[in-house]
Amino acid sequence: MLLLDLMSSLRPQLLVAAAQQTLGMGKRRSPPQAICLHLAGEVLAVARGLKPAVLYDCNCAGASELQSYLEELQGLGFLTFGLHILEIGENSLIVSPEHVCQHLEQVLLGTIAFVDVSSCQPHPSVCSLDQLQDLKALVTEIITHLQGLQRDLSPSAVSHSRLHSSDWNLCTVFGILLGYPVPYTFHLNQGDDNCLALTPLRVFTARISWLLGRPPILLYSFSVPESLFPGLRHILNTWEKDLRTRFRTQNDFTDLSISSEIVTLPAVAL
């Protein structure tokens, strides 16, 4: 298999060194080995189209350090083409412009639903993108931005850009960009509070294996209120079917596992 061929000539220690040397410079603490390998797996999953983006949160490394990291991975032969670092607010996402544009275009077609968890509501409720016109315009803006990058940049180059997001609901935007089939949304003028406290949630996780003897990569983790699950089942089934289809088109990962469990928490931070 391609992955086994790749990893037979590329030792995991090189992936760890690439991350620690580029992302742990200065006063920043270098990510531990397990985090470095998980990050490399997530980046490869983005490159293979298994997820639209990775939100980098290992430490406070910025876009320039992430660009150096991706260039190191290219130099090792781990990545065969360039990825893009998209800065939104104080956050950095690693994306494949082609794959994330395809995903966002599907979002505009209504392939995902949203759960409104505004604190003014007694219970979460389902809404569509057509009910969130500001968000729909924002998704269109991101597509236009990324399509411009595809025209102007070399596909083999690692690049980065910034989107201004002073009035964006970043929880919802990141949910979309990370490929969640049912992102949460809420009214920003009501603060960060939500109505999910003590609400049974069905938490979905998708994991894939790649390095022999290493823990699997956590590809997705998201939740939906259990009370809304029956009405969202068709969207979640479509998401799972699409993920399994994309998984079958690649040879880098094995053992896709999708599971769910129900949890109830005294408070939920978004």
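This report describes two sheets, one helix, the nonpolar cores and one buried serine in a predicted model.

## The sheet of β9, β8 and β10

Three strands make up an open sheet whose order is β9-β8-β10, and their pairing is antiparallel. Strands β9 (217-225) and β10 (254-263) stand at the edges, each with a single partner strand, so one side of each is left without a neighbour in the sheet. Direction ignored, neighbouring strands of this sheet are turned by 15° against each other on average. Helix α8 (residues 229-248) packs on the sheet, where it touches β8, β9 and β10, and the direction of α8 makes about 165° with that of β9.

Strand β8 (residues 201-209) is joined to β9 by 8 bridges, and β8 also pairs with β10 in the antiparallel sense over 8 bridges. Ala 206 illustrates both pairings, since its bridge partner in β9 is Tyr 220, while its bridge partner in β10 is Ile 258. Another bridge to β9 links Ile 208 with Ile 217. Of the 9 residues of β8, 7 are buried, so this strand is largely enclosed by the rest of the structure. Strand β9 is mostly covered as well, with 7 of its 9 residues buried.

## The sheet of β5, β4 and β7

A further open sheet consists of 3 strands in the order β5-β4-β7, and here the pairing is mixed. Its edge strands are β5 (125-127) and β7 (184-185), each of which pairs on one side only. Strand β4 (residues 114-116) pairs with β7 in the parallel sense over 2 bridges, and Val 115 has Tyr 184 as its bridge partner in β7.

## Helix α5 and its buried face

Helix α5 (residues 97-108) contains 12 residues and reaches 16 Å from its first C-alpha to its last, which is close to the 16 Å expected at 1.5 Å a residue. Pro 97, Val 100, Cys 101, His 103, Leu 104 and Val 107 are buried in this helix. Seen down the axis of α5, the buried residues fall within an arc of 160°, so they line one face of the helix. A general rule helps in reading this pattern: an α-helix has 3.6 residues a turn, so residues three or four places apart point the same way.

The cover over the buried residues of α5 includes β2 (84-88), β3 (91-95), α6 (133-152) and α7 (170-177). Just after α5, Gly 110 takes a positive phi of about 90°.

## The nonpolar cores

In soluble globular proteins, nonpolar side chains tend to be buried together. In this model, the largest nonpolar core has 60 residues, and the members that touch the most others are Val 43, Tyr 69, Leu 70, Leu 73 and Trp 210. Two or more residues are given to this core by each of α2 (12-23), α3 (33-47), β1 (53-56), α4 (63-75), β8, β9, α8 and β10. The largest share, 9 residues, comes from α3.

Val 43 shows what such contacts look like for one residue: leaving aside its neighbours within four places in sequence, Val 43 is in contact with Val 54, Tyr 69, Leu 70, Leu 73, Leu 79, Leu 83 and Ile 94. There is also a second, separate core of 27 residues, which includes Ala 53, Cys 101, Leu 163 and Leu 177. Cys 101 is also among the buried residues of α5.

## A buried serine in β3

Ser 92 is found in strand β3, which is one of the elements that cover the buried residues of α5. Ser 92 has a relative accessibility of 7%, and because buried means under 20%, Ser 92 counts as buried.

Not counting residues up to four places away in sequence, Ser 92 touches Val 54, Leu 55, Tyr 56, Gly 62, Ala 63, Leu 66, Ile 85, Leu 86 and Glu 87. Val 54 is also in contact with Val 43. Ser 92 and Leu 39 lie 53 residues apart in sequence and 13 Å apart in space, taken from C-alpha to C-alpha.

Key: Residues are numbered from 1 along each chain as its sequence is written. This is a predicted model: local features need pLDDT of at least 70, side-chain atom pairs count only at pLDDT 80 or more; totals for chains, interfaces and linings use all residues. Side-chain values use heavy atoms; hydrogens and water are left out. Two strands pair if DSSP finds at least two bridges between them. Helices (H or I, at least four residues) and strands (E, at least two) are DSSP runs, numbered from the N terminus. Axes are lines fitted to C-alpha atoms, for helices over the stretch in contact, and angles run from 0 to 180 degrees between N-to-C directions. Contact means heavy atoms within 4.5 Å. The expected span of a helix is 1.5 Å times one less than its number of residues. Buried means under 20% relative accessible area, exposed over 50%, partly exposed in between (1.4 Å probe, protein chains only). The arc is that of the directions from the helix axis to the C-beta atoms. A nonpolar core is a set of buried Ala, Val, Leu, Ile, Met, Phe, Trp, Tyr and Cys residues joined through side-chain atoms within 4.5 Å.
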